[in-house]
Amino acid sequence: MHGRNWSRAAALAAVLAGSASLAAGSGKADPAAGKVLYDRDCASCHGATGKGDGDDAAYFTTKPTDLTDRAKLSKRTDDFLAAVITGGGPAKGLSKDMPATKNLSAAEVKSLVAYVRQLSAPAKGGK
């Protein structure tokens with residue numbers, strides 16, 4: 001009887017470990033979730049539409065980046081953007097006015113990057 005219970009426990013542990021691994025690896029970017037984070041953490045500086053014209057933008061020595069600038073954003077990798085989001089501007093040699101946002105999970109950072117990418121994407125039906 002003890003052997004059977006141990007086998008069940010081992011099987012359950014294996015299933016749980018496998019599901020946790022799948023959940024951690026799946027971390028798909030969700031631009032809609034990224035927009036919620038953007039509105040909460042970024043819009044006051046970068047503006048509601050990402051043009052760098054948020055209410056707090058006037059208080060900085062360096063104007064916040066215009067996240068709608070396709071030419072500029074196309075030169076930045078997702079890893080670069082994630083590093084700036086989590087480590088602030090100085091993490092990648094940018095303005096010290098860009099603060100770090102350290103309270104985000106990896107999935108939240110991916111979603112925020114995906115949303116920022118949408119801000120600089122061509123309009124649907126446009127070029």
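**Exercise 1. Describe the largest pocket of this predicted model by its volume and its lining.**

Solution. The space in the largest pocket comes to about 610 Å³. Its lining is made up of 29 residues, and those closest to the pocket centre are His46, Thr65, Leu67, Val84 and Met98. Next, sort the lining by class: 17 residues are nonpolar, 7 are polar and 5 are charged. Then assign the lining to elements. At least two residues each come from α2 (31-41), α3 (43-46), α4 (70-74), α5 (78-87) and α6 (106-119). The element that gives the most is α5, with 4 residues.

**Exercise 2. Identify which residues of the largest nonpolar core touch the most other members, and which element gives the most to this core.**

Solution. The core has 18 residues, and the ones touching the most other members are Tyr38, Leu67, Leu81, Leu104, Leu112 and Val113. Two or more residues are given by each of α2, α5 and α6. Of the elements, α6 gives the most, with 6 residues. As background, nonpolar side chains in soluble globular proteins tend to be buried together.

Now take Leu81 by itself. With neighbours within four places in sequence left aside, Leu81 is in contact with Leu73, Arg76, Val113, Val116 and Arg117.

**Exercise 3. Locate threonine 68 and list what it touches.**

Solution. Start with the position: threonine 68 belongs to the loop between α3 and α4. Its side chain makes a polar contact of 2.4 Å with the side chain of aspartate 66. Finally, discount residues up to four places away in sequence; threonine 68 then touches Thr49, Gly50, Lys51, Leu119 and Ser120.

Terms used:
Residues numbered from 1 in each chain as written. Predicted model: local features only at pLDDT ≥ 70, side-chain atom pairs only at ≥ 80, totals over all residues. Heavy atoms only, no water. 1 Å grid on protein atoms, 1.4 Å probe; cavity = no way out; pocket = protein on both sides within 12 Å on 5 of 7 lines; lining within 4 Å. Points joined across faces, edges and corners; volume = space filled by probe spheres on them. Nonpolar A, V, L, I, M, F, W, Y, C, P; charged D, E, K, R; others polar. Core = buried A, V, L, I, M, F, W, Y, C linked by side-chain atoms within 4.5 Å. Buried < 20%, exposed > 50% of the residue type's maximum accessible area, 1.4 Å probe, protein only. Contact = heavy atoms within 4.5 Å. Polar contact = N/O pair within 3.5 Å; in protein donor to acceptor, adjacent residues only side chain to side chain.
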